[in-house]
Amino acid sequence: MTMKKFVSVLFATTLLLSIACGKGKEASKEDEGEDDEQTTTTAAASTASGAPAAAAAPAAAVSADAATLTGLVKFEGAAPKMTNIQMSADPYCQSQHSSAPATEEDVVTGPAGELANVFVYIKDIKGNFPAPSTPVVIDQKGCQYHPHVNAVMVGQPLQIKNDDATLHNVHAMPVANSQFNEGQPVQGMVSTKHLDKPEVTPFKIKCDVHGWMKSYMAVMPHPFYSVSQTNGTFTISNLPPGQYTVVAWHEKYGQQEQQVTVGAKESKALNFTFKG
Amino acid sequence: MKPQEPIPHNYSISRLNLIFALSSLALVAVTGLVVGYDYIRGWKWFQLEFMRMQRERIVQEMQVAKSEENTKQLAALDEQERKNSLELARHRDQYMTAQKAFDALEGDHYRADQDYRFAKANLDAQRYITEASVVQHRADAAQQQAEYERQSAHLADLQVRLQEVTRQRDAAKANIDQWLKKIKDAEDKKKELTASVDLLSKQLTTVDMGRFSTNWILSQPMLDFVNPVIKIDQVVLNDLSIDMNYMNVPRVDRCQTCHRAIDTPGWESKAEAARLSQELQQKLDAYQIPQEKRAETEERIAQLKRIQDAPNDTLNPWRTHPKLDLYVGSASVHPLLEYGCTVCHRGQDRATEFGRAGHTPASPRMEHRWAERTPLTAGFFPLPSDFAQRHWGYEENEFIETPMYPRHYYEAGCIKCHSSQIAVDRGDDITKATQTVELYGCYACHKINNWRFSDLRKPGPDLGGIAEKTTPEWAFRWISEPHNFRSTTRMPSFFYQRNMIDPSVVPPQERTHNIKLQDAEIHAIVSYLFDKSTHRVWQQPGAGDAGRGKQIVNSVGCMGCHIDTEQVKDEKSGQIRLAKREDFPLERNYGFNLTGVGTKTNSAWIYNWVKNPKSYYAEAPMPSLRLTDQEASDVTAFLLTLQKPSFMKTAIRPPDRQAVHDLAKGYLINTLSDRDAESKLRSMSDHEQLVYLGQRSIEKYGCYSCHNIKGFEGLKPIGTELTVEGSKALHLFDFGFMNEEKWKNEDGVTEHVIHTVPSWVYNKLRNPRIYDDRRTKVYNDKLKMPNFHLTPEEARRIAMVVVGLTKEKVAENRMAGLDAHTRLIEEGRKRVSQHNCRACHVVDGRGRAIASTIADANFLPPDLSPEGARAQSPFLFNFLKDPTVMKIRPWLGVRMPTFHFDDHEANTLVTFFAEAGKGAQFDTTRGANPSPANVKIGQQVFTMLRCAQCHGTTPVNPENPPTPNTADSTSLAPNLTLARLRLRHDWISDWIRRPNEMIPGTRMPTNFPRDAATGGFQSPLALAIDTPQFAQYKSTLLPLFNGNEKELKRTMSDAVALTDYLRDYIWSIGITQMRSASPTGDAPAMAMPQQSLPPATAPAAKSTRNQRAIPAVSGGAGR
């Protein structure tokens, strides 16, 4: 190969000398005009790259200025009656609620219309928040999920425990994360899962054996979320000062948003009202 | 000697010299021009430019590589080297001794080796001498023999000596190596670190074009034929030949000459890079990429990210093919060296110039930009500077036989090789396109001689019994404008189209005249159809409840194929608007939209249709849902409530007598004289005239192509044959006055007609009468193709199929799906598509359109993806023929309908599932008999895993198993005693092991989750067996393992063994008898017409009908 090349160079040089022709046109290095496809592609690229630049990342560590957001979720109007769950399909489940029958958990209200199981979180807060290694536990006890609504952080272990002497299957139906459906035939069995993609709107976890069993789980990219208690209160602490959109989500009544600005070390109250 | 006389010439030498001189100069000049022209040929510039881009990138990468070279590590290595040499210096004496010893031994070794070799050669010579002397009985034979023995012994000694020396030398070498190893290691490491830079600088020399570089010299004019750097790059494809009418020549694709990086990853456009990197990342995240390729993939993603971040975007023609994993790439199924480019894209294979290669613009804008020129070179060949400004010098060339498919039509090229496949793997666009052609029934009017579009039924319903179904008034309004009745209908609009009434193209006077003529034609068609219709009297339904009927319609499965609304909420505006077909899945457009069915037809017809569609006409595509009399009555009551009264309020203009007369006469004078025609018409009544005209109009518009109409049996379809339409030359397409024109479509959007075949077809489909614009034509000569109101997307897809149907042939070994296995699958797929199985089932990963209408996913019809591996063929055959042989989930509202398949059709489907599921056609383990011990263990495992919580194990009647009476109906699962008849033996254990992998989202829980690290199955019983809860099971199980606790525990942690035991248990409880499908399939007591009134015998009834149909013929010009 090299020999061939050498010979050809030699030959070429001889010819070159004999002709002595100095013609050489360098290819123009002007940048090219636009192609039809070009206009659309650059536009797409610029919008895609524009977004992350705008976000300023707050410090991940809890700052001394951290604010606290507390609030109350209320239900306006006549609260629907919490109906009894018909558990006769599985005698074990029924036996667990022999004194008082279990009630549906989709709308749980307090005496003054406080609404429980509302998932409250800060929307679009940028930054890097490491997930705690302590697991979040969902307990299946008396053929119901405890708690009914909860969240994990991305990467935080989720433990699902079966405390019942009956078969449960944990059928999680996330959209962004991969769904799973595991059987737990043995009492005391624990399945540990890692959800690795954020999914701020809670997804459903159900048990196909016991049709009434439902639970909701969000996967959060940050730790600023809370679930309203039976007294309707929620607390989001360690919040860096700033302006935020707070979202409250309820499995039956959908979600609401409110704007809030919190200053350094401020404790701010924020109330949500859902209508039936 | 006399001086020689000058030879006399009849011409002047000096003048001749001048002529020679001038012509030589001219020749030199022409040669110069030729060389010059060759030197600036367009494709050369593209290569030079690409080399420049490569240089730029290499220089950049070198900078990165150098900065990444990890100077720290390099410094550390240098330090190490220094230390090593210091150490070596310190122990110099020892090293020198070792080296000396080695040198000496090396010499010894050489000597010993030589000795041995010589001795061996001598021995060979001696052997010959010895043999010769023995054979020739020489005197010295014995002596020679002794000499041979001596030398042989000597050689053995030498060999021992050589081995000894070698051993010593190797030991000495190892001794030195010990010293040198450290130094060498450091050097190797250093080489590794600088390897990328070294490689890059090597690459740089190959693309170096600097003045007086090797490449530069070789590229100079006149030198560039020696060993050119810039040269035409081509692929010769012998078995993808081109038909030159009388001979086949190999295809020689030279596209790569300019499209330099087409098969080289790394030159994607930014948008492509973004798409690809996202796709790869998703695959990576989902663990769809095998472990050994992960690193490679990550590197590729990094490369794509670099492209996205680069300041300049790569432009065509230097871009990489966007689907390298599918085309062109060496690892793809269509590698460049085997398939080239033009076999898919078309274009002139050997051309190296932009215009001549057959590049086809996709839009007028693109066309103009391509054709742009700088004034300097206008009318002359383009110069490199033109290319630099992206002026391609494009000129439309009518003589290119195979112009390229423009953008948006690329997948048309797939048809050539994939026409024997229903779905082209990863060719979603072409798959959807052929489906669209099938949906609209293009093949009915336009013959397409192609496996994909042959043997398909007529797309429209049989009109032989139209009088039983509806009224002439309805039919008139329907034919006038079907879209007024149902916005989603596939019945096209034939009348009052653009070329007849559009004020922008038809003069007002002609317009009024056209309306009269069209009214007459519609009246005539209705008259003919009702005149020829049967008048069977159908059984009336009993009292039905519309509410219950609605529930049945919504739950039993009707919504898989039908839509029941015309109103949809627009996603963009949020407004309620009229529905389009595209708003619903393809499968749900299979049946008609139920809107207004009560207005269209009557209770008796609906009742009998829903009970058994085949009783109305035998080829009815609707299957029987086995409704009981009461259910059918309820459904009828509900469907009758679906009214559209506004449709029946539109006015019907009576037929114009003169118009009917003129049109009828127009047909008659084809065979009769003017006088005879007149007298014939006079002898006919008004009604007879209408019926006659109706017959001729049906013939004119080709209604019989899609509908069965009495009197038109066996006629050839009306439209142009499309079998090789894509090869038809451009000049054979009549653009009328619409070449390079714009027009406003019905949505008010401007569309363009450009002078290419795809554009012609697309615009024809969007507005079939458009090429009549501003033309003067007599009424019957005007374009007749009806308007399907296709959306731009639908029109594009259909046009893509049309331009893809070419006469180009490829060698059989290049055709896809011609092997027996694939043929069986494809025949089945065709049936699946024909019977719209995907309305309810997932087949090949697609379908289940019904899902959007059933709220609870637990009540959906089954996913058939694993059906071949799952179901036993005999069961499937019986079940397909007659679904009542087994009810697997008796609590489902949705029913598997009875399709009345014949044996051949059922077999085709069974074979399809078996082949596609890679299962054997017949399950040889069907009769397996598990051992009692296995069954006992299986039963224990079954109890421990609590399977009975959902599955029943008491034998049931397969035809009618009881619906388990539990409060919570969602906890149900199939009765396991039916498994043995239905499921394949080996499938059962596989399914229990990994249900969610086989059918994602299934309710069957995963009992043996995979270990994230190893991918092996974990067993929940591995630990549980030792807990007090399970003590009782353990004591039952131990004797079955002969008291071997270790073996028991091992088994309990082995998912494969456990599921096999479960399978044995399930097999043991299975029932083994099932009814066979009846030979005719299941046919419930069919409602048959009670009496038939032939139209001829009921003139009275008919005339009242007709009077209703045609309100008193107007006193037009005729009388």
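**Notebook: a helix pair, a sheet and a domain contact**

I looked first at two helices of chain B and noted that H7(B) passes H8(B) in a left-handed crossing; a crossing is left-handed if the near helix is turned anticlockwise from the far one by less than a right angle. Helices are DSSP runs of H or I with at least four residues, strands are runs of E with at least two, and both are numbered from the N terminus.

I recorded that this is a predicted model in which local features need pLDDT of at least 70, side-chain atom pairs count only at pLDDT 80 or more, and totals for chains, interfaces and linings use all residues. Residues are numbered from 1 along each chain as its sequence is written, with chains lettered from A and ligands numbered from 1 in the order in which they are written.

I then looked up the axes, which are lines fitted to C-alpha atoms, for helices over the stretch in contact, with angles from 0 to 180 degrees between N-to-C directions. The axes of H7 (residues 270–285) and H8 (residues 291–309) of chain B come within 9 Å and cross at roughly 150 degrees. H7(B) is therefore roughly antiparallel to H8(B), a term for angles over 145 degrees.

In chain A, I found an open sheet of four strands in the order S12-S2-S14-S15, with antiparallel pairing; strands pair if DSSP finds at least two bridges between them. Its edge strands are S12 (225–227) and S15 (254–262) of chain A. Five bridges join S2 (residues 119–123) to S14 (residues 242–250) of chain A, and Tyr121(A) stands opposite Val247(A) in S14(A).

Key. Parallel < 35°, antiparallel > 145°, perpendicular 65-115°, else oblique.
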